[in-house]
Amino acid sequence: MFLGIQWYWWLMIAAAAAISIPFKIRFMKWWNKRQQEKKDSRLGKWGDDA
C-alpha cells in the first residue's frame, strides 16, 4: 500500500490519466484555435484593425 491505496487503484488512476491527457491536449489545441478564430473575426468588425 502506498498512501493507503491498494496497487490496483494506482493502476486505475494511471490508466485514467493516460487516457485523459491526450484528450486534454486535443481540447486545449481546439480551444486555442477557436479563440484565435473569434479574435480574428472581430478584428475588422469595428474598424480597430490598425
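**View 1. Aromatic pairs in the predicted model.** Across the whole structure, which is a predicted model, a search finds five aromatic pairs. One pair joins Phe 27 and Trp 30, whose ring centres lie 5.7 Å apart with their planes at 40°, so this pair is classed as tilted. Phe 27 and Trp 30 are both residues of helix H1, where a spacing of three residues, about one turn of the helix, sets them apart.

**View 2. Trp 30 and its sequence neighbour Trp 31.** Trp 30 also forms an aromatic pair with Trp 31, again a tilted one, with 6.0 Å from centre to centre and 55° between the planes. Because its relative accessibility is 47%, Trp 30 counts as partly exposed, and Trp 31, with a relative accessible area of 33%, is partly exposed as well. Phe 27, the partner of Trp 30 in the pair at 40°, has a relative accessible area of 45% and is therefore partly exposed.

**View 3. The aromatic cluster and nonpolar patch around Trp 9.** Trp 7, Tyr 8 and Trp 9 come together as one aromatic cluster. These residues, Trp 7, Tyr 8 and Trp 9, also contribute, along with Leu 11 and Met 12, to a nonpolar surface patch of about 640 Å². Within this group, Trp 9 is placed in helix H1, which covers residues 7-43. Trp 9 has a relative accessibility of 47%, a value that lies between the limits of 20% for buried and 50% for exposed, so Trp 9 counts as partly exposed.

**View 4. The helix and the surface of the whole protein.** The secondary structure of the protein consists of one helix and zero strands, and the helix, H1, takes in residues 7-43. Of the 50 residues of the protein, 0% count as buried, and the partly exposed state of Phe 27, Trp 30 and Trp 31 can be viewed against that background. The accessible surface of the protein comes to about 5,100 Å², and 67% of this area belongs to carbon and sulfur atoms.

How values were computed
Residues numbered from 1 in each chain as written. Predicted model: local features only at pLDDT ≥ 70, side-chain atom pairs only at ≥ 80, totals over all residues. Heavy atoms only, no water. Patch = residues over 30% accessible without salt bridge, like charges linked within 9 Å, V, L, I, M, F, W, Y side chains within 5 Å. Areas by Shrake-Rupley, 256 points an atom, 1.4 Å probe, with all protein chains shown as cover. Salt bridge = Lys/Arg side-chain N within 4 Å of Asp/Glu carboxyl O. Helix = DSSP H or I, 4+ residues; strand = E, 2+ residues; numbered from the N terminus. Buried < 20%, exposed > 50% of the residue type's maximum accessible area, 1.4 Å probe, protein only. Phe/Tyr/Trp six-rings, centres within 6.5 Å; stacked < 30°, edge-to-face > 60°.
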